[in-house]
There are 2 protein chains.
Amino acid sequence: MLIFVFMLKEERLQKIIEQIAQDNKVVLDDLSRLLNVSTDTVRRDIKELSDKGLLKAVRGGAIMGSPVHPHFKERQHIDTHHKKVIAQKALEFIKPGQVIILNGGTTTTAVIAALPRDINLTVITNSFPVVSILEDYPHVTVFFIGGELNKHAFSTTGHETIEAIRNFRADVCLLGICSIDLKLGITGFTYQESLVDRAMIETSKYVIALSTYDKIGASDPYYVCAANAIDVIVTEKDPSNADLSGFKEAGILIK
Amino acid sequence: MLIFVFMLKEERLQKIIEQIAQDNKVVLDDLSRLLNVSTDTVRRDIKELSDKGLLKAVRGGAIMGSPVHPHFKERQHIDTHHKKVIAQKALEFIKPGQVIILNGGTTTTAVIAALPRDINLTVITNSFPVVSILEDYPHVTVFFIGGELNKHAFSTTGHETIEAIRNFRADVCLLGICSIDLKLGITGFTYQESLVDRAMIETSKYVIALSTYDKIGASDPYYVCAANAIDVIVTEKDPSNADLSGFKEAGILIK
DNA sequence: TAATTTTATGCAACAATTTGCAATAAGTAA
DNA sequence: TTACTTATTGCAAATTGTTGCATAAAATTA
């Protein structure tokens, strides 16, 4: 007697994770039989889990991936369409050989994820997800800025962080920002992060603010810097958009 | 009866790395038998690993290459039972409220993974895997020590790291070590990590060395500190073992 | 509800990788 | 040198991966 068990996709993914946790590996054909789906489907499942960093896809199956916590690797929420557009635009400002400093947040992480794998760069960051992406970029030197772990933002903050930032000089600062307004300047949602952002800006030659369009003209409680401390604003919209003319007049490049 | 065990290619590569880590060498024919593949395949595997710098191919097999440790990912599965025993013993030395400093490596990571979830601690570390574990321990404050990312050990090293360590004072230092010898002291496999270890020891009141038994009496190229800079050695063996009497006489507690 | 779009799945043709084998070259030791 | 072991190379068979497409199910929208 054949009992056909229908399984939701999520259940399948769950099973695969369990298998990996148990045996350190899974084999395509085994899973195909176990889960009652084609090897194509299993392969697609594995790809999906691999994209999330939960395992490492290899020929014939998958094995356990990197020891870094899956949370750090969640790229689901950073792959929104807007962020991809911003990331792509921001790439034009990053040249091989440069020293880049960047803060935490999904937007900057999206830019890093969009970097060509063989680029030559020095990256200074306080963001754990950024490290987990760059961990196997062979020609990227990563300096991590220490400090107290902020368990929500997956980054470090505090006095040590600020002090450490001041010891670096960067060519480019990539700044994922909360809000930017022509008069109120750049403002942030937490005090600690606003201090980090300010230190990063002060130590960089060229500052690129990454901002989804809805953040423009908004404001938050903590002041980071004046709008004209920024050299470029990258948004997902067309730069000719009329709402942005004020920034252009202030000498800020809009992309 | 022959049980044929299918093995993914990646598993084979991991096995080879493990063998090398254990015996400092591998022999083509042995591997061919052990892994159920032709010598051709083993030779190609060794070439691949050699290209990655994880070992050095020699006529008839391979030996451990330059002083580069096996990648953290590959080391995770080595000797897990012993490490669990060590982790359990080490827990007795960790009291709520303390400030713990610890270096990178699979042994210290195992101790952290064994901590009760609701413990109250301050942890200072330069190890990314440790952060990823503690990330959701609600009552653990984590200070991360910045510096240059070491892509093999998943930790930071370098001048910034040493300087940052000196700004902390810890109650307990948990030190996963490469080798310990009564006369030669503690020695390490890489220069950078040996500097970090030394700085951590110097800033701590009480030092606990975590060592699998086979590392006792061994030595490595880089000096960390004298044996009597250590307060306790935790191994997986019974502390009454005769080989350890020298350490006891030197005033080191063995657990 | 009906129409439309999105998502999931399997299939098939083609491309790429892996693997063992055999012939030959190169290295090693007596 | 000679005999022996190990490496290299090319090749063919088997396996696995990729891509585009068709179908069906599910979700969304009108």
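Let me start at DNA strand D, where helix H3 (39-51) of chain A and helix H3 (39-51) of chain B each supply at least two residues of the nearby surface. Please keep in mind throughout that this is a predicted model. The residues around DNA strand D are, from chain A, A:Leu28, A:Asp40, A:Arg43, A:Arg59 and A:Gly60, and, from chain B, B:Leu28, B:Asp40, B:Arg43, B:Arg59 and B:Gly60. Sorted by class, that surface holds 6 charged residues, alongside 2 nonpolar and 2 polar ones.

Turning to DNA strand C, there are 13 residues around it, and those that come nearest are A:Val37, A:Ser38, A:Thr41, B:Ser38 and B:Thr41. Here the elements that give two or more residues are H3 of chain A together with H3 of chain B, and H3(B) gives the most, with 3 residues. The class division on this surface is 7 charged, 4 polar and 2 nonpolar residues.

Next, the contact between the protein chains. In this model 31 residues of chain A are in contact with 28 residues of chain B. On the chain A side, the elements that give two or more residues include strand S1 (25-27), strand S3 (61-63), helix H7 (128-134) and helix H8 (159-166), while S6(A) gives the most, with 4 residues. That side of chain A is made up of 14 nonpolar, 10 polar and 7 charged residues. Strand pairing also crosses between the chains, since S7(A) and strand S6 (residues 140-144) of chain B pair in the antiparallel sense over 2 bridges, and A:Gly147 has B:Phe144 as its bridge partner in S6(B).

Within chain A, I would draw your attention to an open sheet of 3 strands in the order S1-S3-S2, with antiparallel pairing. S1 and strand S2 (56-58) are its edge strands, each pairing on one side only, and neighbouring strands are turned against each other by 20° on average, direction ignored. S2(A) and S3(A) are joined by 3 bridges, and the partner of A:Val58 in S3(A) is A:Gly61. Helix H2 (residues 28-35) of chain A packs on this sheet, touching S1 and S3, and its direction makes about 75° with that of S1(A).

Finally, why can helix H6 (residues 106-113) of chain A be called largely enclosed by the rest of the structure? The reason is that 6 of its 8 residues are buried, so the helix is largely enclosed by its surroundings. The buried residues of H6(A) are A:Thr107, A:Thr108, A:Thr109, A:Ala110, A:Val111 and A:Ile112.

Terms used. Residues are numbered from 1 along each chain as its sequence is written. Chains are lettered from A and ligands numbered from 1 in the order in which they are written. This is a predicted model: local features need pLDDT of at least 70, side-chain atom pairs count only at pLDDT 80 or more; totals for chains, interfaces and linings use all residues. A residue is near a molecule or strand if its C-beta atom, placed from the backbone, lies within 6 Å of it. Ala, Val, Leu, Ile, Met, Phe, Trp, Tyr, Cys and Pro count as nonpolar, Asp, Glu, Lys and Arg as charged, and the others, Gly among them, as polar. A residue is buried if 20 or more other C-beta atoms lie within 10 Å of its own, exposed if 12 or fewer, and partly exposed in between; C-beta atoms are placed from the backbone. Two residues are in contact if their C-beta atoms, placed from the backbone, lie within 7 Å. Two strands pair if DSSP finds at least two bridges between them. Axes are lines fitted to C-alpha atoms, for helices over the stretch in contact, and angles run from 0 to 180 degrees between N-to-C directions.
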